[in-house]
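Visitor: Could you walk me through this structure, one feature at a time? I'd like to learn how to read it for myself.

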Amino acid sequence: MRIDLFDYELPPDRIATHPAPRRDAARLLLVDPKRGGVEDRTMADLPELLPQAALVVLNDTRVLRARLFGTKRGTGGKVEIFLVEKLAGGGKSERWRALGRASKRLGPGTVVELENGALTAHVEGRDERDGSLEVTLSSEGLDVAEAIKRHGRIPLPPYMRREANQEDVERYQTVFARKPGAVAAPTAGLHLTPSLLEALQQRGIHIAMLTLHVGLGTFQPVTVEDLDDHPMHAERFEIPPEVAEAVASARERGGPVVAVGTTVVRALESAACPDRPGHVRAMSGQTNLLIQPGYRFRVVDALLTNFHLPRSTLLALVCAFAGRELVLDAYREAVRRGYRFYSYGDAMLIPSRVDPAR
């Protein structure tokens, strides 16, 4: 598929740079792949839009306070360390893959004092393929994990063009976030509240949680003409046994599996059972699954998702699920109706997928 097939025009004022006043006050565009057309709703309507036998699957990853600022030991040069993935360790010392930004290249042997001495970063190596660093973080006071939690900054997406504030500390996490490891939020889940989750359960809808740690690759632009040539980023995920059991139970009672966000789609589809259609295996690992039109979904039946960037792999996934023309028509209609786009924007619900043969 050519990447220019996933393009649309978005006025800059449609990009949400701050969250809605209330999570469940976000607008919800209901898209019907079977009959075509869209309908304006709100996130508070979600329980009545899903069948009672449904299984709603959430991503419980927690966004790291990944941005750390400091100075080079010896020169005082300013440095930003952006944590990407924990590699090993715990307590007073942890090894991380990170990105570094400074006036001069950060090489092995560089020592950086971070956040007024709360942490020290020793650069151990550099990957010349992508410029990432291997750093050892150490702390003489708090454990490293606690020091990151206290002193790190929330890594807002670059298109927001602003620094994170205290509101973002709460609102750029889902209310069910519990496993630290992501550098970006699973944004469809940002709209859910405890009361909305309770309303789903009271209606007889089941809820399960998996983990996929969203990586920096989610912001990686597609620079090739053909999506097949795009080097899809890998992300760590875990499907616990309870999720596999919940999916099996949904199949037994005839309920759809509803993915909240593209991260949930990628995790579930990566864990699909090869010999039991519609089921998943309990597993953990990494996925670099690229979903584009023509892909045959094996697990996910319905999708709640935000509005994604033009020419992105996330938009290609949504187009694979509901049909490219229908999705792009819905995007254009959302622009016309004043919906807010991207991480802090509004959402769309696609209650059923489209057969790729159609």
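Visitor: Let's start with the β6 and β7 hairpin: how many residues sit between the two strands?
Guide: Keep in mind that this is a predicted model. Strands of a sheet pair through backbone hydrogen bonds, either parallel or antiparallel. Here, β6 and β7 make a hairpin with two residues between them, and Gly-91 in the turn has a positive phi of about 70°. The pairing of β6 with β7 (residues 93-102) is antiparallel and covers 10 bridges. If you want a spot to click on, Val-79 stands opposite Ala-102 in β7.

Visitor: And what does β6 do with β5?
Guide: β5 (residues 67-72) and β6 (residues 78-90) also run antiparallel, joined by five bridges. Leu-68 has Ile-81 in β6 as its bridge partner. This hairpin has five residues between its strands, and Gly-74 in the turn shows a positive phi of about 100°.

Visitor: Which strands make up the closed barrel, and in what order?
Guide: Follow β5-β6-β7-β10-β9-β8: that is a closed barrel of six strands with antiparallel pairing. On average, neighbouring strands in this sheet are turned by 45° against each other, ignoring direction. Further along the barrel, four bridges join β8 (residues 111-114) to β9 (residues 119-126) in the antiparallel sense, with Val-111 opposite His-122 in β9.

Visitor: Which strands does α2 lie across?
Guide: α2 lies across β5, β6, β7, β9 and β10, and runs at about 35° to β7.

Visitor: On to the rings. How should I read an aromatic pair?
Guide: A pair of aromatic rings is described by the distance of the centres and the angle of the planes. The count here is 10 aromatic pairs. Take Tyr-159 and Tyr-342: their centres are 4.8 Å apart with 55° between the planes, a tilted pair. This pair links distant parts of the chain, 183 residues apart, with Tyr-159 in the loop between α2 and α3 and Tyr-342 in the loop between α8 and β17. Both Tyr-159 and Tyr-342 are buried.

Visitor: Why is the pair of Tyr-331 and Phe-341 called edge-to-face?
Guide: Planes over 60 degrees apart count as edge-to-face. The planes of Tyr-331 and Phe-341 stand at 80°, with the centres 5.8 Å apart, so this pair qualifies. Tyr-331 is in helix α8 and Phe-341 in the loop between α8 and β17, 10 residues apart. Tyr-331 and Phe-341 are both buried. They also belong to one aromatic cluster with Tyr-8, Phe-307 and Tyr-339.

Visitor: Which charged residue lies over the face of Tyr-339?
Guide: That's Arg-27, at 3.9 Å from the ring centre.

Visitor: Does that bring us to salt bridges?
Guide: It does. Side chains of opposite charge can pair when their charged atoms come close. The structure holds 31 salt bridges. In one of them, Arg-27 meets Asp-40 at 3.6 Å, N to O. Arg-27 is in β1 and Asp-40 in β2, 13 residues apart.

Visitor: Is Glu-94, which meets Lys-86 in a salt bridge, buried or exposed?
Guide: Buried means under 20% relative accessible area. Glu-94 has 4%, so it is buried, whereas Lys-86 is partly exposed at 35%. The two side chains meet at 3.5 Å, N to O.

Visitor: Which residues do shared salt-bridge partners join into one network?
Guide: Arg-27, Asp-40, Glu-333, Arg-336 and Arg-337 are joined that way.

How values were computed: Residues are numbered from 1 along each chain as its sequence is written. Side-chain values use heavy atoms; hydrogens and water are left out. Two strands pair if DSSP finds at least two bridges between them. Rings of Phe, Tyr and Trp (its six-membered ring) pair if their centres lie within 6.5 Å; planes under 30 degrees apart count as stacked, over 60 as edge-to-face and the rest as tilted. Buried means under 20% relative accessible area, exposed over 50%, partly exposed in between (1.4 Å probe, protein chains only). A charge sits over a ring if NZ of Lys or CZ of Arg is within 6 Å of the ring centre and within 35 degrees of the ring normal. Axes are lines fitted to C-alpha atoms, for helices over the stretch in contact, and angles run from 0 to 180 degrees between N-to-C directions. Contact means heavy atoms within 4.5 Å. A salt bridge is a side-chain nitrogen of Lys or Arg within 4 Å of a carboxyl oxygen of Asp or Glu.
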